[in-house]
Amino acid sequence: YYHLNEKEIVAWKGKINFVHRVKIEVLRHFTATHSGNILYADTDVVFTQPLHSIWQQIAKGAKYMHVYEGDIRQRNNPIMKKLDSFLAGFSSPALPSLPTNTAMWNAGLLGFNSDNKQLLDKVLHYTDTVFPHFSKHIVEQFAFSCYFSEEGTLLPAAPYCIHYWNMKEVRKVLEEFVKYSQNLPYQEKLQCFNTIQLPILMQLKGNYYQNLSIIDKLIKKRWQPPSFQAMIGK
């Protein structure tokens, strides 16, 4: 463990004061003193199966990100559309040649070998150059997408995990689970945890918003997951 203090957090946000820049600096700090296969995961990532295959592929030179989200030129959502429009007219002496790859991957999980740690410097430089002109969280993610996909094999980690970045509501369920199961034996604790089926909850949330009435949409009615007690039939 490494204790990251407030002073370092401020420094690692950089002059651009970008919270996601800290992740890049954390990985640069780690790879300065550690070597081998590395797997970074956001705290809202749950692994669903053993990772032997991922470690083997990383050892062979492959890199991983969570999942492919599309090409920014396809303009599938408002933020990709804005980024594509911005990059079409952007130039900077600090970044004379922009990466040619325009695929967007989710950066909630990153897998790579320390032999590729030079990519982190490129990701940091891109972020520091672009973010002051396009101050959106997606800049750091796109930087990882560009450089991880340009050099070698980039694979999706999605089959091995669930990244519930769009399911923050489940935090309440997890808190209820921890409180309920804290004194239970391990096997009972595991059985309780297995009742929290994230894919089902994600489907329930999707169905909820698809079937909202116009009035509910106007008042911005929000979905709430069932309680943990309800899941286990208590």
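A disulfide is counted here when a pair of cysteine sulfur atoms lies within 2.5 Å, and by this rule the count in the structure comes to 0 disulfides. Keep in mind throughout the tour that what you have open is a predicted model.

**Stop one: two cysteines**

Begin by selecting Cys161, which counts as buried because its relative accessibility is 4%, under the 20% limit for that class. Then add Cys192, which is likewise buried, with a relative accessible area of 11%.

**Stop two: the largest pocket**

Rolling a probe the size of a water molecule over the atoms shows where empty space is left. Select His20, Lys23, Asp42, Gln141 and His163, and you will be looking at the residues that lie nearest the centre of the largest pocket, out of the 25 residues that line this pocket. To see which elements contribute two or more residues to the lining, colour helix H2 (21-31), strand E1 (37-41), helix H4 (78-88) and helix H6 (138-150). The space in this largest pocket comes to about 690 Å³. If you colour the lining by class, you should find 10 nonpolar, 8 polar and 7 charged residues.

**Stop three: the second largest pocket**

About 300 Å³ of space lies in the second largest pocket, and to show its lining you can select Tyr2, Leu4, Trp12, Val26, Leu27, His29, Phe30, Thr33, His34, Ile38, Leu39 and Tyr40. The elements that give two or more residues to this lining are H2 and E1, and the most comes from H2, with 4 residues. How many charged residues does the lining of the second largest pocket have? There are no charged residues in that lining, which instead has 9 nonpolar and 3 polar ones.

**Stop four: charged pairs on helix H2**

Side chains of opposite charge can pair when their charged atoms come close. The structure holds 9 salt bridges, and a good one to select is that between Arg21 and Asp128, where the closest N and O atoms are 2.7 Å apart. Because Arg21 lies in helix H2 and Asp128 in helix H5, this pair ties together parts that are 107 residues apart in sequence. Are these two residues buried or partly exposed? Arg21 counts as buried, at 8% relative accessibility, whereas Asp128 is partly exposed, with a relative accessible area of 28%.

Stay on helix H2 and select Arg28 together with Glu25, whose side chains meet in a salt bridge of 2.7 Å, N to O. Since Arg28 and Glu25 are 3 residues apart in this helix, they are separated by about one helical turn. Here Arg28 counts as partly exposed, at 29% relative accessibility, while Glu25 is buried, with a relative accessible area of 10%. Now add Asp121 to your selection, and you will have the network of salt bridges that links Arg21, Glu25, Arg28, Asp121 and Asp128.

**Stop five: a buried charged pair**

Move next to Glu169 and Lys205, which form a salt bridge with their closest N and O atoms 3.1 Å apart. This pair links distant parts of the chain, for Glu169 sits in the loop between strand E8 (161-163) and helix H7 (170-181), and Lys205 belongs to helix H9 (residues 198-210), 36 residues away. When you check the accessibility of the two partners, both Glu169 and Lys205 turn out to be buried.

**Stop six: aromatic rings**

A search of the whole structure finds 12 aromatic pairs. Select Tyr126 and Tyr147, whose rings form an edge-to-face pair, 6.2 Å from centre to centre and with 75° between the planes. The two rings join distant parts of the chain, with Tyr126 in helix H5 (residues 118-130) and Tyr147 in helix H6, 21 residues apart. Tyr126 counts as buried at 1% relative accessibility, and Tyr147 also counts as buried, at 9%. Then select Phe177, Tyr180, Phe193 and Phe228, which ring pairs link into a cluster.

**Last stop: across the model**

Finish with Tyr208, which lies in helix H9 and is partly exposed, with a relative accessible area of 22%. If you draw a distance from the C-alpha of Tyr208 to the C-alpha of Asn37, it should read 40 Å, between two residues that are 171 residues apart in sequence.

How values were computed
Residues are numbered from 1 along each chain as its sequence is written. This is a predicted model: local features need pLDDT of at least 70, side-chain atom pairs count only at pLDDT 80 or more; totals for chains, interfaces and linings use all residues. Side-chain values use heavy atoms; hydrogens and water are left out. On a 1 Å grid over the protein atoms alone, a cavity is a set of points where a 1.4 Å probe fits but cannot get out, and a pocket is an open set with protein on both sides within 12 Å along at least five of seven lines; lining residues have an atom within 4 Å of a point. Grid points are joined across faces, edges and corners, and a volume is the space filled by probe spheres set on the points. Ala, Val, Leu, Ile, Met, Phe, Trp, Tyr, Cys and Pro count as nonpolar, Asp, Glu, Lys and Arg as charged, and the others, Gly among them, as polar. Buried means under 20% relative accessible area, exposed over 50%, partly exposed in between (1.4 Å probe, protein chains only). Rings of Phe, Tyr and Trp (its six-membered ring) pair if their centres lie within 6.5 Å; planes under 30 degrees apart count as stacked, over 60 as edge-to-face and the rest as tilted. A salt bridge is a side-chain nitrogen of Lys or Arg within 4 Å of a carboxyl oxygen of Asp or Glu.
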